[in-house]
Structures are given as C-alpha cells and as structure tokens.
Amino acid sequence: MPKKLSDNLYYLSWLLIALLGIVLFRLIKIYDIFCTVLGIVFPVIFGYIFAWILYPVMRRLEKRLNKKVAIVLIVSIFLAFYLLIIWKLIPIFLKNTSNLMTVIEEYQTRLAKYPFLEGIKNIKTLDIDTIISSCGNLIAWVAEFVLVHIFGFYILYAYDSVNSFLRSLIPLKYKRTVLEYVRKMSTNMRIYIKGTLLDTAILFAISVVLYMIIGLEYPFILAGFSAITNIIPFVGPYIGGIPAVLVGLGTSMNLGLITLGVIVFAQTIESNIINPMIMSKCIKVNPILIIISLSIMGKFLGLLGMIFAVPVIIIFKLTYESVQKYKKLSN
C-alpha cells in the first residue's frame with residue numbers, strides 16, 4: 001500500500017476513534033464529568049495558550065526593558081485596546097447590528113408569505129426566558145474571558161518556571177522525544193496562527209475597501225464577519241458572505257448581485273494567491289481529512305469546533321509522525 005494512502009487511512013482511523021469516543025462519552029455520565037472538569041481547567045489551558053502566543057513578544061521586550069516593566073506594558077496595551085473597543089467600537093457595532101437586524105427581519109417578513117416558509121417569522125420572537133438565558137451566557141463568557149487573561153498574564157510572567165515544571169513531569173526515558181515533539185508542534189502551530197491572522201487581516205482589508213467602493217452599508221462589520229468565518233476551511237467563506245449579500249439585496253437586487261460578485265472575487269484572490277503564499281511553510285493536510293474533522297468538530301462543538309478543526313488535524317498528523325519516528329529509532 002502506498003505510504004501516503006496508508007498515512008491518510010491512519011489519520012482517518014484516529015478521527016473515527018475520536019468520534020466513537022465522543023459518542024460514548026455523551027451516552028454515559030463520564031461525558032458530564034469530563035465537561036465539568038474541562039470547564040474548570042478551561043481558563044488555565046487557554047491562559048497557557050495565550051501566554052505561549054505572547055511569549056516571543058515578551059522575549060523581545062525583555063531585551064530592552066525590565067521583566068516587570070515588560071509585563072506591565074503588555075497588560076496596559078491589552079487594557080487600552082479593550083477600553084477602545086468598549087468606548088468606540090461597541091456603540092458603532094450595536095447601532096449597525098440593530099439596523100442589520102431590521103434588514104433581516106424585513107426578509108423574514110417577505111419569506112413568511114410563502115406557505116412552506118411560514119414558520120420563519122417566529123425566528124425574531126424573543127421571550128423573557130431566552131433573554132435571561134442569553135444574559136447569563138454572556139456574563140459567563142465574559143468571566144471566562146477575564147480569567148483566561150488573568151491566568152495568561154501570570155503564566156507569561158512565570159513562563160520559564162512553568163515550562164521547567166512541566167518538563168520535570170516528563171519521564172527521563174521519553175524526555176528527549178517528547179521535547180522534540182513539543183518543539184516541532186510549537187513551530188508548526190506558530191506558523192499556522194501567524195499565517196491565519198495575517199490572512200484574516202488582509203481579507204478584512206480587501207473586503208472593507210471593496211464594500212466601500214460598491215457602497216454597501218456596514219462595511220466594517222460585514223467585512224469583519226467574513227474575515228473571521230474565513231478561518232473555517234471550505235464552508236467559512238460562504239457563511240461569512242450571507243449577511244453581506246442580504247444587506248445588498250435589502251438596498252436593491254443589483255447591489256445584492258454586485259456584492260455576491262465582490263465576495264467571490266475577494267475569496268478567489270484569498271484562496272488562490274494570498275493563502276498559498278502565507279501558508280506555504282505550514283504543515284500540509286489532506287482536504288478530505290479537514291472535511292471529516294470539520295464534520296466531527298462542528299457536530300459536537302459547533303462553530304468553535306470548526307475553527308479548531310485544522311489545528312486538531314495538525315496535532316494528529318504531527319503526533320503520528322513523531323510516533324513513527326520513535327518506532328524507527330527504537331528498532
């Protein structure tokens with residue numbers, strides 16, 4: 001059997017095992033326990049990831065500044081950024097979102113005239129229980145967000161000590177192999193994250209300019225949504241383009257069609273020119289495996305799971321390659 005096919009079948013088998021594991025977890029009480037534990041350690045895990053992302057910046061600042069001054073500077077920059085969002089961007093976002101919801105409700109009213117789409121008019125109905133539940137979820141999300149930053153900044157300050165402690169937990173027999181695996185994983189993940197952020201920023205800029213040229217309303221919000229959903233492979237661009245087309249159709253049929261053409265043009269540029277140039281150094285993943293991972297992660301974790309589908313595949317692939325290399329060295 002060809003090696004490439006054998007590798008892909010290996011990845012696929014692990015994905016199916018993971019899917020079976022998730023299904024079994026959901027059928028028994030272990031899943032509830034797992035979710036509870038995950039909810040507790042979530043801020044710590046993502047706090048470490050947050051610190052890991054910022055660590056190169058911290059290292060550069062430490063060359064010129066005292067460590068405490070460097071961490072205070074980073075915290076101050078983040079606080080200033082979030083305050084700017086609260087002070088300037090959120091009012092604009094709420095205003096534009098309100099107007100955008102009005103456009104969507106108009107479409108719901110039009111579509112509800114058709115007998116087979118009559119139920120769509122109930123989508124805009126909100127009861128008090130839904131509102132209370134949404135507020136509770138928002139408060140919980142904000143609390144998690146704050147905790148991730150608190151743990152992240154603390155771990156960033158003590159990053160070397162934390163890593164030394166984690167390294168001490170690795171058995172001496174496997175330490176060299178595990179550390180090599182972690183370094184390779186860290187390198188590939190940094191390439192992927194940097195590439196994704198740069199790709200998203202470029203697509204956002206292109207979309208804003210094009211939306212403003214054609215005279216589309218709410219260009220920044222719609223371009224931001226398109227850029228963020230573009231992180232999801234294959235289906236993301238189509239999800240992100242729907243609100244923009246709806247807003248364009250709300251003005252006129254011609255603007256809606258022009259908006260659709262602009263989205264196709266921007267995505268063509270991004271998919272065929274920008275993304276290949278930026279991601280050329282990133283680890284290559286078979287598209288079929290990405291689609292399967294999207295289906296599994298999307299089914300159980302929703303939109304967030306789809307965003308993390310590619311990193312999960314990269315972890316699977318690097319883990320497999322490391323295991324294969326370890327087997328060869330052992331033999």
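A nonpolar patch, as I use the term today, is made of residues with over 30% relative accessible area and no salt bridge, with nonpolar side chains joined within 5 Å. Keep that in mind; we will need it shortly. The model on the screen is predicted.

Start with the overall picture. The protein has 331 residues, and its secondary structure comes to 11 helices and zero strands. Read from the N terminus, then, every element in the row is an α. Of the contacts with a separation of 6 or more, 70% are between residues 24 or more positions apart. Buried residues make up 30% of the protein. The exposed area is about 21,500 Å², and carbon and sulfur atoms supply 73% of that.

Now the patch. Its members are Val-44, Trp-141, Val-142, Phe-145, Val-146, Leu-147, Ile-150 and Phe-151, and together they make about 680 Å² of nonpolar surface. Which helix gives the most to it? That is H4, with seven residues. Val-44, however, is found in helix H2. Is Val-44 buried, partly exposed or exposed? Its relative accessible area is 36%, so Val-44 counts as partly exposed. The cut-offs behind that word are 20% and 50%.

Next, some buried residues of helix H4. Val-148 is found in this helix, and with a relative accessible area of 11% it is buried. Leaving aside neighbours within four places in sequence, Val-148 is in contact with Phe-42, Pro-43, Phe-46 and Gly-47. Val-148 and Ile-45 are 103 residues apart in sequence, yet their C-alpha atoms are 8.2 Å apart in space.

His-149 lies in H4 too. His-149 is buried, again with a value of 11%. Not counting residues up to four places away in sequence, His-149 touches Phe-50, Phe-78 and Tyr-82.

Further along H4, Ile-155 has a relative accessible area of 8%, which means it is buried. Outside its neighbours within four places, its contacts are Val-44, Gly-47, Tyr-48, Ala-51 and Val-162. So Val-44, a member of the surface patch, is also in contact with a buried residue of H4. Ile-155 and Trp-52 are likewise 103 residues apart in sequence, and 8.7 Å apart from C-alpha to C-alpha.

On to the interior. In soluble globular proteins, nonpolar side chains tend to be buried together. Here, the largest nonpolar core has 25 residues, and those touching the most other members are Leu-54, Met-58, Ile-74, Leu-156, Tyr-159, Leu-294 and Ile-314. Which helices each supply at least two residues of this core? They are H2 (30-62), H3 (67-111), H4 (128-157), H6, H10 (287-307) and H11 (309-330). H2 provides the largest share, six residues. As an example from the core, take Met-58: apart from neighbours within four places in sequence, Met-58 is in contact with Lys-67, Ala-70, Ile-71, Ile-74 and Leu-156. Another core, of 15 residues, lies apart from the largest one, and its members include Tyr-211, Tyr-218, Leu-222 and Val-247.

Last, helix H6, residues 172-214. How far apart should the ends of its 43 residues be? At 1.5 Å a residue the expected span is 63 Å, and the end C-alpha atoms are 62 Å apart, so the two values agree. Just after H6 comes Gly-215, with a positive phi of about 80°.

How values were computed
Residues are numbered from 1 along each chain as its sequence is written. Side-chain values use heavy atoms; hydrogens and water are left out. Helices (H or I, at least four residues) and strands (E, at least two) are DSSP runs, numbered from the N terminus. The expected span of a helix is 1.5 Å times one less than its number of residues. A nonpolar core is a set of buried Ala, Val, Leu, Ile, Met, Phe, Trp, Tyr and Cys residues joined through side-chain atoms within 4.5 Å. Buried means under 20% relative accessible area, exposed over 50%, partly exposed in between (1.4 Å probe, protein chains only). Contact means heavy atoms within 4.5 Å. Patches are made of residues with over 30% relative accessible area and no salt bridge: like charges are joined within 9 Å, nonpolar side chains (Val, Leu, Ile, Met, Phe, Trp, Tyr) within 5 Å. Accessible areas come from the Shrake-Rupley method with a 1.4 Å probe; for residues, only the protein chains shown count as cover. A salt bridge is a side-chain nitrogen of Lys or Arg within 4 Å of a carboxyl oxygen of Asp or Glu.
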